[in-house]
Amino acid sequence: MTRATLTRLAVAGAAVVGAAALTMGTAAASPAPQSGTPQPGEHGPGEHRPGEPQPGKHDKKPGPSVPVRLLTINDLHGNLEPPTGSSSRILDPNGANTDTDGSLTGIAGAKYSIAGGASYLAAHLKRLRDPNTLLVAAGDLIGASPLLSAAYHDEPTAALLDKLGLVASSAGNHEFDEGIDELNRIMNGGCHPVDGCSPAGQWKGTKFDYLGANVIKEGDGDYALPPFFVKEIHGVKIGFIGLVTQTTPSIVTAAGIKGLQFTEEVAAANKVSKQLARQGVKAQVVLVHEGDNITPNQDPSSCPVVPGNGSRIATGLDPQVDLVVSGHSHQAYVCKVKDPAGQDRVYTQGSSFGRAITQIDFRVDLKTKDVVRSSVAARNNVVTRTVTPDADTEAYIKTWQERVSTVANRPIGKITASIGRGGNVGETPLGDLIADAQLEATEDGGNAEIALMNPGGVRTDLTYPQSGSEGDGVVTYGEAFQVQPFNNLMQVVTLTGAQLKALLEQQIWKVDPVTGGITQRILQPSSSLTYTFDTTKPEGSRVSDIKIKGAAVTDTQQIRVAANNFLVGGGDGFTVFTQGTDLWSGPLDIDAFVAYMGAHSPIEPPATGRINLIR
């Protein structure tokens, strides 16, 4: 059966059957207990062992059953090489290192591991596989990627996922960064319409599909992506329903979601769930690119999620759905929630950047064809770098490193010290630096007076080398690209002073009174803009004393404001941008940043203080 046939059947709602069933294997081994609150599958005296199902409150008396193991990943973002800095660390109860003062984790005495990297991911996947294993994912596998993958439109990452045996993934919001046509090209093959073929030659597409049960074509209402995938194993069918966050239109460029609608997740999944059940697919898993944050200063292994959109979806899905694998929030957790029928349902997420693999073991009753809920055991396995990396994957990555090295290793400037994004909380030195670069790139031609940068678009720090290391503060194109990997277009629009104030009022700063956690969305300003943001005042009346180059802004004043096309299109909820007039488009954001680095090196970390933040 061809890929095109599979896709047509999935969109039509037929039961898509994968490759022939695997040979019967032994029951999956019980995962080792973790510290903290007991996780699904852990057991004490008198409780059942995972893999030996006993009747639960809502389970019928189980008959003969077969084992299944899911290994899941999410939010890889094309990180083929091991991530660095804070992106490489993960809390790990079994970690080799201890954070003595809490400076890395916020938890004094917490253990952490240095994790991630595709060659280590491959090695851990091999260790965790058994004859009953399926590898699935919950989106953002590509997009916002390091240069090694992004330079070739993420074909290197997609090809590696095929090599690793991925059978299906939900789409994530970043899968739409270059639009639905490009996402279809990644799945179906063909060289890039502008940049042509990569050094690997004609792109053949992927063996796996991206799923999107809530991604609908405007106009005809048809599915834009296959809504589900069914895989047969040991004579039973496992149905995977894919979902992407319905907030995608507010966090992806307008061009990326053109012609698409993103509907509410629960209703979309429940519609497909009922379809699958009617066709005899009773064992169902939702792969959803939406998730929850966690309470600060608690071990993630204790499932300290702060209920949000992820929990809303996990609890609202039809009782026929047995498991929920999530993504998007870049957190690691293994939790139980109650479905609408009161049954326990496991709900997981596996961090990001390839730092964890979620392992879910369960059994499927051969008579009912459904998951025995009491058999479900789940845990997150940290992708440590203490194992021998997979040799084939290392060789594969080396090939792409050689191909991209000419571009990646080109020096573009120097820094005198590390310039950080400060966890993207409030105004940050790196955010200010990028805004200054964007203003300089748009002053001629666009007549920009100020520039604003979204903090979520600043993906990593610029790190100054330690004493004695090579580089002496040199910043390469590859390092700059890691900071700004989206290839957004710089644009300028005219706003009135009143509109600028309204735009700045759309910024968010909230402190949870219970957890102390901060929810914030503060635009990074160029040096030409200063103002006061008073978080103690009611939303809508927090911004005052707006000045441009020291001169007070009036309500009727016409101001040329530079930002990337994501923001100008109303991204991140900054809808006032869409009221702008006299649109001008300029260079790519990465080109603006590279030009600024070259013109002003060596660059010192800019002083913050452009925003007078009152807390």
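A residue is taken as exposed when its relative accessible area is over 50%, as buried when that area is under 20%, and as partly exposed in between. The structure described here is a predicted model, and the charged side chains were examined with these classes in mind. By this scale glutamate 539, with a relative accessible area of 51%, is exposed, because its value lies over the 50% limit. Lysine 510, at 43% relative accessibility, counts as partly exposed. The side chains of these two residues meet in a salt bridge, with an N to O distance of 3.9 Å. This pair links distant parts of the chain, since glutamate 539 belongs to the loop between β27 (529-534) and β28 (543-548), whereas lysine 510 is in strand β24 (residues 508-511), 29 residues apart.

Across the whole structure, the search finds 19 salt bridges. One of them is formed by the side chains of aspartate 322 and arginine 373, at 2.9 Å from N to O. Here too the pair links distant parts of the chain: aspartate 322 is in strand β15 (residues 321-326) and arginine 373 in the loop between β18 (356-365) and β19 (377-382), with their positions 51 residues apart in the numbering. Both aspartate 322 and arginine 373 are buried.

A further salt bridge joins the side chains of aspartate 461 and arginine 421, at an N to O distance of 3.8 Å. Aspartate 461 lies in the loop between β21 (450-453) and β22 (474-476), and arginine 421 in the loop between β20 (411-414) and α10 (429-446), so the pair ties together parts that are 40 residues apart in sequence. The two partners fall into separate classes of accessibility: aspartate 461 is partly exposed, at 33% relative accessibility, while arginine 421 is buried, with a relative accessible area of 16%.

The loop between β21 and β22 also holds tyrosine 464, which counts as partly exposed at 28% relative accessibility. Its C-alpha atom is separated by 9.1 Å from that of lysine 414, although the two residues are 50 residues apart along the chain. When neighbours within four places in sequence are left aside, tyrosine 464 is in contact with Ile415, Thr416, Ala417 and Ser418, and also with Asp472 and Gly473.

Side chains of opposite charge can pair when their charged atoms come close. Arginine 560, located in strand β30 (residues 558-564), is buried yet has no salt bridge. The nearest side chain of opposite charge, that of aspartate 582, is 4.8 Å away, and the pair is therefore not counted as a salt bridge, for which the nitrogen must be within 4 Å of a carboxyl oxygen. The side chain of arginine 560 instead reaches the backbone oxygen of glycine 446, at 3.1 Å. Residues up to four places away in sequence not being counted, arginine 560 touches Gly446, Asn447, Ala448, Glu449 and Ile450, together with Val492, Val493 and Thr494, and with Thr581, Asp582 and Trp584.

Alanine 607 was considered last. This residue is placed in the loop between α14 (589-600) and β32 (611-614), and at 62% relative accessibility alanine 607 counts as exposed. The C-alpha atoms of alanine 607 and leucine 433 are separated by 9.5 Å, with the two positions 174 residues apart along the chain.

Methods
Residues numbered from 1 in each chain as written. Predicted model: local features only at pLDDT ≥ 70, side-chain atom pairs only at ≥ 80, totals over all residues. Heavy atoms only, no water. Helix = DSSP H or I, 4+ residues; strand = E, 2+ residues; numbered from the N terminus. Buried < 20%, exposed > 50% of the residue type's maximum accessible area, 1.4 Å probe, protein only. Lys, Arg positive; Asp, Glu negative; His and termini not counted. Polar contact = N/O pair within 3.5 Å; in protein donor to acceptor, adjacent residues only side chain to side chain. Contact = heavy atoms within 4.5 Å.
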